[in-house]
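User: I've got a model open and I'd like a close look at one part of it. Could you walk me through that spot and then tie it to the rest of the chain?

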Amino acid sequence: MSTDDASRALARGDFYEASNIYSTLLAADPNNVEYLMNRADAFRQMQSFKKAIFDYTTILSQDSHNVEALAKRSLCYMEIEKYQPAVQDIELTLHISKTKDIRNKWVQLAASQRTQARSLATRQAQTPQEEFDEYYLTLYRIHLDGALRSDFGFDQFYQIRVVISNEFWLFRSKDLQPYYPVNLEFSIVEIQEETGSWVENDRFRVQVHPDDKPVIARDQRDCHVRISVAMADGVTKITEKLSEKAWGKSLFLKIVASGVESQKHIVGVLCLIPGTLQDDADPLALVATYRWMPMQSKNLIIRELPDAIGTKIWDCAIFLTRYLEDRARIFPNFLRGKRVVEMGSGTGLVGFACKVLGADVTMTELDEVLQNLQANLKINRNICGEEPDSMRATMLEWGKDPDPSTTLLKPPYEFIVASDIIYELVVIEDLVKSMVALSGPGTQVLLAYRNRGLSEEREAVVFAEFEKYFHVQPAPGVNPSILYNA
């Protein structure tokens, strides 16, 4: 095996093979910095963060001023929630760069992580560990590694891989440590359109292969299991496959992951039959996952799609939804009867929450995200009650005037809501321009913001742009706990 073999393995994304080759090379040359760095990078890509930290540390034992190893080690510390060591590595990287006048992408990487690392380190020091763990658990979600079959046959076993992950589709075993082992339960459900609730479909039952255990073991993020769908006792089978439209309604596979000794659980729902719920021409229906988000007396059902930024729920949307709900408990008329526009709606979670709280809501997105947003609008029509026209979605490209012949926007609005829409400096001027166009005297903007790698200087530029037109301050009544400090 040679360095060329290792480089080719890295280039094609075979990090396991690359790490093995570099391990063989390091056996003959244990202090080779290039081999250590490349093996550490492979470990990091494999999410073997502790192994990567070991190799970066070995490099730093030879050269304590290696800013690349320091910056990369700080990323690994962030992933395993060792925020204080991450801060120390970042500060040392920036100190070395200043004294030695080093300017490269590793220094820039450290600078971009500085604000978030400091914030998380401070928060972790001030928050009881059990509350910190609870925070992360509530943000986990279930999905499958691949779509369900579209021709699910009765009494035939199909292997699926159930994965638990956070918003980045990453996983920290420490988050689930108090809940291991995690049991998986499967059932077939449908949507009760009147209430928007999931209801068990008693015509079918899900069977797990007798040789498989539907359990996610300690320190694991996934479980391979074979399942089949069978008719319930006494129910006549009218077709040979579950995908036949003769069954009428949309059917879903519901997966519940719960700790053995805990009431905490994560729920994921995946479409088996698009049926009446989706447009028949929608090719994405079978790769979608659905999250059930109870809110007051309503149940929000949010469709997410893999591999797209705008079609999944980001944590900030959950934070803002909780904030709105908490404010409405104290001030019941907080949003009731108000005209609200959501910018960068994504899946529409925040907009739907505003509707549940009594607002007239217009959600906005780019064309490429609008199809999934419209699908969620269709699913959640029940929350409109006797006001079917009080919730809508329309296209909005920031910085440009909407087409008056097609837009549903009618400014000014009393509230503008948005979550996690600040991630690139180049969009800020256009974003603020559109916000101003949608505003009037007295408009309130509620923005859930999470630093997505902006340096302190760039972050200051962002808020300076807002302050040209808006008075910026923490939202009233924000709970200072970890749940809102994104």
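User: Let's start with Asp-420: does Asp-420 count as buried or exposed, and what is its relative accessibility?

Analyst: Sure. Bear in mind that this is a predicted model. Asp-420 has a relative accessibility of 13%, so it counts as buried, the cut-off for that being under 20% relative accessible area. Its backbone is worth a look too: phi of Asp-420 is near 55 degrees, a positive value, and the residue isn't a glycine. As for where it sits, Asp-420 belongs to the loop between S15 and H12.

There's a nice counterpart elsewhere in the chain. Asp-155 also isn't a glycine and has a positive phi, about 60 degrees in its case. You'll find Asp-155 in the loop between strand S1 (141-144) and strand S2 (158-165). With a relative accessibility of 47%, though, Asp-155 counts as partly exposed, whereas Asp-420 counts as buried.

Now step back from Asp-420 along the chain. Strand S15 covers 415-419, and the loop that links strand S14 (391-395) to S15 holds Pro-412. The peptide bond between Pro-411 and Pro-412 is cis, with omega at about 5 degrees. Asp-401 is in that S14 to S15 loop as well. Asp-401 has a relative accessible area of 71%, so it is exposed. Jump 33 residues along the sequence from Asp-401 and you reach Ser-434; the two C-alpha atoms are 8.1 Å apart in space.

S14 itself gives a contrast in burial. Met-391 is part of strand S14, and its relative accessible area is 1%, so Met-391 is buried. Val-361 is 30 residues from Met-391 in sequence, yet their C-alpha atoms are 4.8 Å apart. Val-361 is also one of the contacts of Met-391 once you leave aside neighbours within four places in sequence; the others are Phe-352, Lys-355, Met-363, Leu-377, Asn-380, Arg-381, Ile-383 and Cys-384.

Some of those names come back when you move to Leu-300. With neighbours within four places again set aside, Leu-300 touches Phe-352, Asn-380 and Ile-383, along with Arg-291, Trp-292, Met-293, Met-295, Leu-349, Ala-353 and Val-356. Leu-300 is a good residue to click on, as it is among those with the most contacts inside the largest nonpolar core, together with Leu-324, Leu-335 and Cys-354. That core has 36 residues, and helix H9 (residues 315-330) supplies the largest share of them, seven residues. A second core, separate from that one, has 34 residues, including Tyr-22, Leu-25, Leu-36 and Leu-120.

Back to the loop of Asp-420, and this time go forward. The loop leads from S15 to H12, and H12 (residues 428-438) packs with helix H13 (residues 456-467), their axes 10 Å apart and at an angle of about 25 degrees. Angles under 35 degrees count as roughly parallel, so H12 and H13 are roughly parallel to each other. The crossing of H12 past H13 is right-handed. On the H12 side the contact involves Ile-428, Glu-429, Leu-431, Val-432 and Met-435, and these meet Val-462, Glu-465 and Phe-466 of H13. Sorted by class, that contact comes out at six nonpolar and two charged residues, with no polar ones.

If you'd like another helix pair to set beside it, try helix H3 (residues 33-45) and helix H5 (residues 67-79), whose axes come within 11 Å and cross at roughly 20 degrees. With that angle, H3 and H5 are therefore roughly parallel to each other too. The handedness is another matter: H3 passes H5 in a left-handed crossing. H3 brings Met-37, Asp-41 and Arg-44 to the contact, and H5 brings Glu-68, Ala-69, Lys-72, Leu-75 and Cys-76. The class split for H3 with H5 is four nonpolar, four charged and no polar residues.

Finally, the whole chain. There are 13 helices and 16 strands, and 52% of the 486 residues are buried. Of the contacts between residues at least 6 apart in sequence, 65% join residues at least 24 apart. The pairing of Met-391 with Val-361, 30 residues away in sequence, is a handy one to look at with that in mind.

Methods. Residues numbered from 1 in each chain as written. Predicted model: local features only at pLDDT ≥ 70, side-chain atom pairs only at ≥ 80, totals over all residues. Heavy atoms only, no water. Axes fitted to C-alpha atoms, helices over the stretch in contact; angles between N-to-C directions. Helix = DSSP H or I, 4+ residues; strand = E, 2+ residues; numbered from the N terminus. Parallel < 35°, antiparallel > 145°, perpendicular 65-115°, else oblique. Left-handed = near helix turned anticlockwise from the far one by under 90°. Contact = heavy atoms within 4.5 Å. Nonpolar A, V, L, I, M, F, W, Y, C, P; charged D, E, K, R; others polar. Core = buried A, V, L, I, M, F, W, Y, C linked by side-chain atoms within 4.5 Å. Buried < 20%, exposed > 50% of the residue type's maximum accessible area, 1.4 Å probe, protein only.
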